[in-house]
Amino acid sequence: MGILAAMAIIPILSHARCNYPAIFNFGDSTSDTGAIHFAFPYNELAENRPYGETFFGQPTARYGDGRLSIDFFAKALGMPFLSPYLQSVASNFGHGANFAAAGATARGTDSFIAPISLTVQINQFKVFKQQVLASIKAHGPLSYLPSAEAFKSGIYTMEIGGNDFSYAYMTLNLTTAQVKATVLPKIAKSIAGAVQALYNEGARNFIVRDVAPQGCGPFWLTYFPHSSNDFDKHGCSISYNDAVLHYNTLLRAELSSLRKQLKDVTIIYVNTYDIIYDFFANPSKYGFKATTTACCGIGGKYNYRYNIQCGTSGILNGRTVKAVSCSDPSSYISWDGVHWTDEANRLLTQHILSGKYFEPLFSLSRFCDLKTI
């Protein structure tokens, strides 16, 4: 599909003020605003300090020191933060709903981290839509629920797949070569299948993010073994990043194929990999002072230990230690060794909103009155 053709059928990008009715988000901990907390309360790291300290001043079950990229994205479009679908009290779904859950995988993985896979999230959406439409039919429009039109003209965002990599490496004990050959094609097809399923429910506007450079994260650099020649000049793992790049190529191809098959649909691939990798390659350009080191940890080269994660305590060298936050999270890319800081999420979203990392390429600012984030 050509760029002009894509622009012509993008209702979510065609209004000067970006007056879009709703955002429906699907994903994992990179965009979970509380689902896993409501599903399995008192069992998550993000329920405890120092999570949430930078922006909220307290934990909000978000995996970061503050806001996530989906929070910034909603704000830029003039919307409030999305309520998690599983939140039963004080939720407001007037501008959409967030189905993302920490630990979620694109494929079913026998509850590797959490059982709320992408398939489960899609099914939750179907139930949500049915209930909303039934409520509207019975009571008329309700301010705390999306309109019937919102399900067609809303934005469907998706950011998931990273946990599938972890499952393949940690549980299946596969090498990067084996993961490339046997697992990654299935992940990409699962994402495409989810888009197809939502399309069948009437969704027409999709923004699908790729997987970021995992090989630059403290978790990946400490948990898995690396040969001495497996590091690039920025300290990132070449082999693990190559696997991500291979997957992102597969995802591009799957989404491209869907664009050709489906009618009256906009499917945008977002190249977050290049955005975030540049944070590691040129940190001073963004105000970062620490790259492959986590903000919240207990010391060491990467300030990360898998068995003593952010906010928890454990025994190290015969004494009890606690993983605590750094003094200036905004100068770090990684918050806890796995997730981004509030500042990294803000900068990431700024770059996404520029449209330069969209495929097909266009600028959101030409079509939307974006709010400052």
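**Figure 1. The whole chain, with 12 helices and 10 strands.** Welcome to the overview of this protein chain, which is shown as a predicted model. The C-alpha atoms fit a box of roughly 65 × 45 × 40 Å along the principal axes. The radius of gyration is 20 Å, which agrees with the value near 21 Å that a compact globule of 373 residues would have. Of the 373 residues, 57% are buried. Among contacts with a separation of 6 or more, 70% link residues that are 24 or more positions apart.

**Figure 2. The surface and charges of the protein chain.** The accessible surface amounts to about 15500 Å². Carbon and sulfur atoms provide 52% of that accessible surface. As for charge, the chain carries 30 positive side chains and 26 negative ones. The centres of these two sets are 4 Å apart.

**Figure 3. An open sheet of 6 strands with mixed pairing.** To find your way across the sheet, follow the order β2-β1-β3-β4-β5-β10. The edges are held by β2 (96–98) and β10 (358–359). Each of these edge strands has a single partner, so one side of each is left without a neighbour in the sheet.

**Figure 4. The parallel pair β4 and β5.** Here we step in on two strands of that sheet, β4 (residues 205–209) and β5 (residues 266–270). The two run parallel and are joined by 5 bridges. A handy landmark is Val-208, which stands opposite Tyr-269 in β5.

**Figure 5. Helix α3, largely enclosed by the rest of the structure.** Helix α3 spans residues 69–76, and 7 of its 8 residues are buried, so the helix is largely enclosed. The buried residues are Ser-69, Ile-70, Asp-71, Phe-72, Phe-73, Ala-74 and Ala-76. Their cover includes the strands β1 (23–27), β3 (155–159) and β4, together with helix α12 (342–353). Just after α3 comes Gly-78, with a positive phi of about 75 degrees.

**Figure 6. The loop between α2 and α3, home to Pro-50 and Tyr-42.** This loop follows α2 (35–39) and leads to α3. Look for Pro-50 here: the peptide bond to it from Arg-49 is cis, with omega near 10 degrees. Tyr-42 belongs to this loop too, and its phi is positive, near 60 degrees, in a residue other than glycine. The relative accessible area of Tyr-42 is 78%, over the 50% cut-off, so Tyr-42 counts as exposed.

**Figure 7. Asn-173 in the loop between α6 and α7.** The helices on either side of this loop are α6 (162–170) and α7 (176–200). Although Asn-173 is not a glycine, it has a positive phi of about 60 degrees. Asn-173 is also exposed, with a relative accessible area of 60%.

**Figure 8. A cis peptide bond between Glu-359 and Pro-360.** Our last stop takes us back to a strand at an edge of the sheet, β10 (358–359). Pro-360 lies in the segment after β10. The bond that joins Glu-359 and Pro-360 has an omega of about 5 degrees.

How values were computed
Residues are numbered from 1 along each chain as its sequence is written. This is a predicted model: local features need pLDDT of at least 70, side-chain atom pairs count only at pLDDT 80 or more; totals for chains, interfaces and linings use all residues. Side-chain values use heavy atoms; hydrogens and water are left out. Helices (H or I, at least four residues) and strands (E, at least two) are DSSP runs, numbered from the N terminus. The radius of gyration is taken over C-alpha atoms; the globule rule is 2.2 Å times the number of residues to the power 0.38. Buried means under 20% relative accessible area, exposed over 50%, partly exposed in between (1.4 Å probe, protein chains only). Contact means heavy atoms within 4.5 Å. Accessible areas come from the Shrake-Rupley method with a 1.4 Å probe; for residues, only the protein chains shown count as cover. Lys and Arg count as positive and Asp and Glu as negative; His and the chain ends are not counted. The place of a charge is taken as NZ of Lys, CZ of Arg, CG of Asp or CD of Glu. Two strands pair if DSSP finds at least two bridges between them.
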